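Subject: Structure handover

Hello,

Here is the structure I said I would pass on. Please look through it first; my notes come after it.

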Amino acid sequence: MEETIAIGTLSVHLTRKRIRNINLRIRPDGTVHVSAPLKTPRSTIMAFVESRRAWIEKSQDKVARQSSVMAVSCKDGDTLWLWGREHTVRILPTHQTGGRAKTSFECREGELLAYVRERDMGDDEESAARRCRALDLWLRMQLSERITALLPHCEEVVGRRASAIRIKAMRSRWGSCNTKTGAISIAVRLVHFDPRCLEMVLYHELCHLIEPNHGARFHALMDGFCPDWHERNALLGGR
Ligand SMILES: [Zn+2]
């Protein structure tokens with residue numbers, strides 16, 4: 001017996017088996033799998049998963065960190081989403097010559113041009129992996145520049161400042177805020193979505209510097225600072 005159940009923002013694959021205890025594991029793709037005894041009430045399973053939420057999110061982030069580079073594919077003809085728009089990857093030889101030639105990227109109408117060295121042109125896995133690493137760095141730069149452009153206004157509106165901004169490979173969250181230090185982390189994959197989503201996440205995390213929890217007070221703050229945050233959140237799949 002197998003089914004998928006939603007527990008808060010988590011999607012959990014549940015399997016019933018002739019076992020004694022509830023088992024929980026995170027697969028390498030980040031999905032959450034629970035096996036439970038045949039007669040355990042669903043509410044018990046949900047409470048069990050909820051009690052492990054922090055561990056689940058930590059594990060998913062770890063998985064995401066490990067796979068972040070390869071998650072972005074960089075072969076000729078691949079599709080890459082950048083700021084909510086679809087781009088086709090084109091692999092081209094770099095104009096630069098000599099040992100210092102580096103991979104560079106250029107965004108054009110619907111295309112992402114990757115200029116690479118001769119030895120990185122190939123369709124083999126190693127060449128593709130080298131291009132992916134360069135692309136990952138480039139995407140982080142794009143995100144970083146956009147954050148630098150958006151943050152001062154968000155901070156002024158909210159009336160709080162982040163002590164530091166970190167870009168991280170996070171799978172289960174779009175951002176996080178350390179309310180003690182004021183440091184904010186932003187998920188690198190936000191670079192794939194409409195920039196209004198990044199802005200919404202910046203508001204969200206800055207609001208945590210006023211209100212740490214997601215209660216009514218937090219929602220009221222978000223409604224005031226970023227009135228269409230529901231709509232922007234929906235663009236991220238409601239997570
Ligand atoms: Zn939050």
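The notes below go from the whole chain to one sheet and then to a single residue.

Overall layout

Please keep in mind that this is a predicted model. The domain assignment splits the protein chain into three parts: domain 1 covers 2-51, domain 2 covers 79-141 and domain 3 covers 144-235. Between the C-alpha centres of domain 1 and domain 2 there is a distance of 40 Å. Along the principal axes, the C-alpha atoms of the protein chain fill a box of roughly 65 × 50 × 30 Å.

The protein chain has six helices and 11 strands. Of its 239 residues, 26% are buried. Taking the contacts in the protein chain between residues at least 6 apart in sequence, 49% join residues that are at least 24 apart.

The sheet with β9, β10 and β11

One open sheet has three strands in the order β9-β11-β10, and its pairing is mixed. The edges are taken by β9 (164-168) and β10 (175-178); each has a single partner strand, so one side of each is left without a neighbour in the sheet. From one strand to the next, the twist averages 20 degrees.

Strands β9 and β11 (residues 183-187) run parallel and are joined by five bridges. Within this pair, I167 stands opposite I186 in β11. Helix α3 (residues 125-158) packs on the sheet, where it touches β9 and β11. The direction of α3 makes about 150 degrees with that of β9.

A further helix, α4 (residues 195-207), lies across β10 and β11. Helix α4 runs at about 25 degrees to β10.

Residue S11

S11 is found in strand β2, which spans residues 10-17. Is S11 buried or exposed? S11 has 12 C-beta neighbours inside 10 Å, and the cut-off for an exposed residue is 12 or fewer, so S11 counts as exposed.

Which residues is S11 in contact with, leaving aside its neighbours within four places in sequence? The contacts are T4 and A6. As for H33, that residue is 22 residues from S11 along the chain, and the C-alpha atoms of the two are separated by 9.1 Å.

That is what I have for now.

Regards

How values were computed
Residues are numbered from 1 along each chain as its sequence is written. This is a predicted model: local features need pLDDT of at least 70, side-chain atom pairs count only at pLDDT 80 or more; totals for chains, interfaces and linings use all residues. Domain bounds come from an automatic or database domain assignment. Helices (H or I, at least four residues) and strands (E, at least two) are DSSP runs, numbered from the N terminus. A residue is buried if 20 or more other C-beta atoms lie within 10 Å of its own, exposed if 12 or fewer, and partly exposed in between; C-beta atoms are placed from the backbone. Two residues are in contact if their C-beta atoms, placed from the backbone, lie within 7 Å. Two strands pair if DSSP finds at least two bridges between them. Axes are lines fitted to C-alpha atoms, for helices over the stretch in contact, and angles run from 0 to 180 degrees between N-to-C directions.
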